[in-house]
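Colleague: Could you take me through a single part of this model in some detail, namely its nonpolar interior? I would like the cut-offs stated as you go.

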Amino acid sequence: MSLAPLGPRDPLVLEGFVPYPEDLAAHYRSAGYWTDQTMAEPLFESAARLPDKTAIVAGETRRTYGELTGRILRIAAGLSDLGVRRGDRVVVHLPNIPEFVEFVYACWEIGAVPVFAPAAHRRTEIEHFVRVAEASAYVTVSRHDGADLAALAAELKEAWPVLRHTIVLDPQGGGEALERLLASEPLPHERRAVASDVALLQLSGGTTGQPKMIPHTHETYLHSVRQSIPLCGISESTVQLIAVPVCHSMSARSPGFLGVLAVGGTVVLAPNGSPDSVFPLIEEHRITQSSVVPPIVLAWLNSSLKERYDLSSLESLHVGGARLSAEAARRVRPELDVVLQQGFGMAEGLVNYNPLDVDEERSLTCQGRPISPGDELLVLDDEGNEVPRGTPGHLLTRGPTTIRGYFRAPEQNARSFTEDGFYRTGDIVQQDELGYLSVVGRSKDQINRGGEKVAPEEVENFILGHPAVYDASVVGVEDRLLGERVKAYVILRQDAGKVNLGVIRGYLRERGLAAYKLPDALEIVTEFPQTAIGKVSKRLQRAQA
Ligand code: AMP
């Protein structure tokens with residue numbers, strides 16, 4: 001085995017990571033927000049205590065803590081034998097299957113840095129991560145939702161010499177490539193990284209260009225996980241259903257599989273959140289907790305199937321990622337007989353939850369308070385002055401779970417962070433007298449499609465590539481189920497052939513853009529409405545829709 005021996009080691013230096021100022025880092029450590037633990041350790045503590053307890057279930061697969069950690073140590077050994085080292089980036093592009101959990105922990109075991117790539121992402125996004133993060137390995141399934149990801153893996157390996165290894169699993173997980181890794185002698189479980197090392201790269205929908213990478217360290221991410229556990233009522237008896245993509249913050253750390261596995265609970269993975277796929281799982285596994293986005297809540301509320309299954313084990317439903325209407329919120333407790341826990345957070349760091357026992361009114365209308373005592377919040381007017389409590393303003397934040405900059409994105413960082421390190425969230429919030437936040441709007445040019453974030457500019461750039469298109473403007477328009485959906489206004493060139501929604505969607509799909517970013521609606525126009533200073537008025541376009 002060619003790993004560096006254990007012992008004191010220097011923090012990892014990863015070019016393109018924006019560090020925390022020394023004094024603030026020292027404060028976060030002395031206050032106990034940051035500890036010296038690395039991401040893999042809480043799971044291994046649970047496994048030492050409860051080796052025979054079920055850790056994870058997906059379809060017919062059920063793994064105990066002992067089996068799960070055993071597989072992680074074999075995969076870690078296999079990756080290490082391939083030459084994956086501490087600090088190396090590994091794009092983990094998997095759907096909701098246990099292998100996602102296994103590969104990310106295997107990376108942490110050897111100090112490598114998994115990139116949490118949503119399964120919906122396609123060539124455009126994945127290639128961007130490989131290029132910018134200089135990933136040395138790519139893990140995926142051969143097919144997903146009709147896409148040939150084995151072909152993508154081969155294409156990327158050919159195009160990017162930095163990408164030395166592609167590991168392609170069967171569509172539902174498993175397969176020869178995994179068996180080869182599992183054939184390795186397991187590594188002994190040891191701490192092979194320093195807690196201040198970058199632990200993972202998560203993705204931001206962003207507002208411009210391509211998705212930005214969010215570098216979390218072991219310290220920042222574990223602090224968020226640890227704070228979430230009591231606030232979400234997670235314990236050894238928790239049986240958690242993961243029904244949104246497993247790489248999303250909500251599935252990973254809020255409280256996520258990381259929270260549940262840290263305390264010895266059980267995680268059940270569902271392929272999606274539709275009632276016909278999750279209600280039988282709630283009944284069969286006696287699910288107690290789940291974290292979902294508002295469209296899933298609406299689908300559950302509106303499904304007649306809820307009478308056919310026994311959902312009585314479900315104690316709390318955590319909802320975030322996008323605005324839950326007060327009307328839907330009001331229906332949750334009476335119709336599903338669960339405690340509604342609203343949350344508002346961002347992959348960049350800050351997370352807010354309502355406590356489970358918050359008063360009725362706040363449970364319906366507020367999205368929580370910061371989970372860390374170290375979180376600093378500013379709510380500012382357009383001129384940058386703090387607004388009084390109760391007045392809406394722009395939310396800025398910094399703290400022990402919030403990054404100081406996107407990975408390798410200096411221009412974006414100059415826009416998104418203040419000089420003293422506050423992240424401009426782009427959200428308009430108001431804070432009540434007890435500090436509870438309500439999200440009342442957004443100043444960033446971003447579409448929130450049922451929790452999936454879409455940067456209009458990215459979609460516009462792709463549409464502009466179509467030879468028949470002269471100009472394009474993409475906006476979010478109201479949608480009853482998703483909150484917002486993607487609408488494209490397009491001006492065609494003279495003599496353009498037939499262009500309609502199907503043509504543009506087909507074109508963008510072929511260019512390798514994730515399906516959730518494709519326009520849901522298209523309108524051909526001859527001009528765009530303008531603002532007083534002659535810019536395209538997206539406000540008017542949204543209003544027209
Ligand atoms: P993500 O990084 O994908 O989790 O997206 C974070 C963004 O989602 C936030 O900055 C908000 O714009 C939005 N968001 C998250 N939770 C909520 C919520 N409860 N209500 C309204 N918007 C939300």
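**The nonpolar cores**

Modeller: The largest nonpolar core, a set of buried Ala, Val, Leu, Ile, Met, Phe, Trp, Tyr and Cys residues joined through side-chain atoms within 4.5 Å, has 87 residues, where buried means under 20% relative accessible area with a 1.4 Å probe and protein chains only. This is a predicted model, in which local features need pLDDT of at least 70 and side-chain atom pairs count only at pLDDT 80 or more, while totals for chains, interfaces and linings use all residues. Residues are numbered from 1 along each chain as its sequence is written, and side-chain values use heavy atoms, with hydrogens and water left out.

The residues with the most contacts inside the core are Leu79, Phe100, Phe103, Tyr105, Trp108, Phe257 and Leu261. Helix H4, spanning residues 98-110, gives the most to this core, with nine residues; helices here are DSSP runs of H or I, at least four residues long and numbered from the N terminus. Because domain 1 (62-193) and domain 2 (239-442) both contribute residues, the core lies between them, the domain bounds coming from an automatic or database domain assignment.

Taking Leu261 as an example, and leaving aside its neighbours within four places in sequence, one finds it in contact (heavy atoms within 4.5 Å) with Pro42, Leu43, Ser46, Ala55, Tyr65, Leu68, Val101, Tyr105 and Val267. Apart from this core lies another, of 33 residues, which includes Val57, Val297, Ala329 and Leu336.

Elsewhere, in helix H17 (residues 501-510), Ile504, Tyr507 and Leu508 are buried. These three cover an arc of only 95 degrees around the axis, taken from the directions from the helix axis to the C-beta atoms, which puts them on the same side of H17.

Key:
Buried < 20%, exposed > 50% of the residue type's maximum accessible area, 1.4 Å probe, protein only. Helix = DSSP H or I, 4+ residues; strand = E, 2+ residues; numbered from the N terminus.
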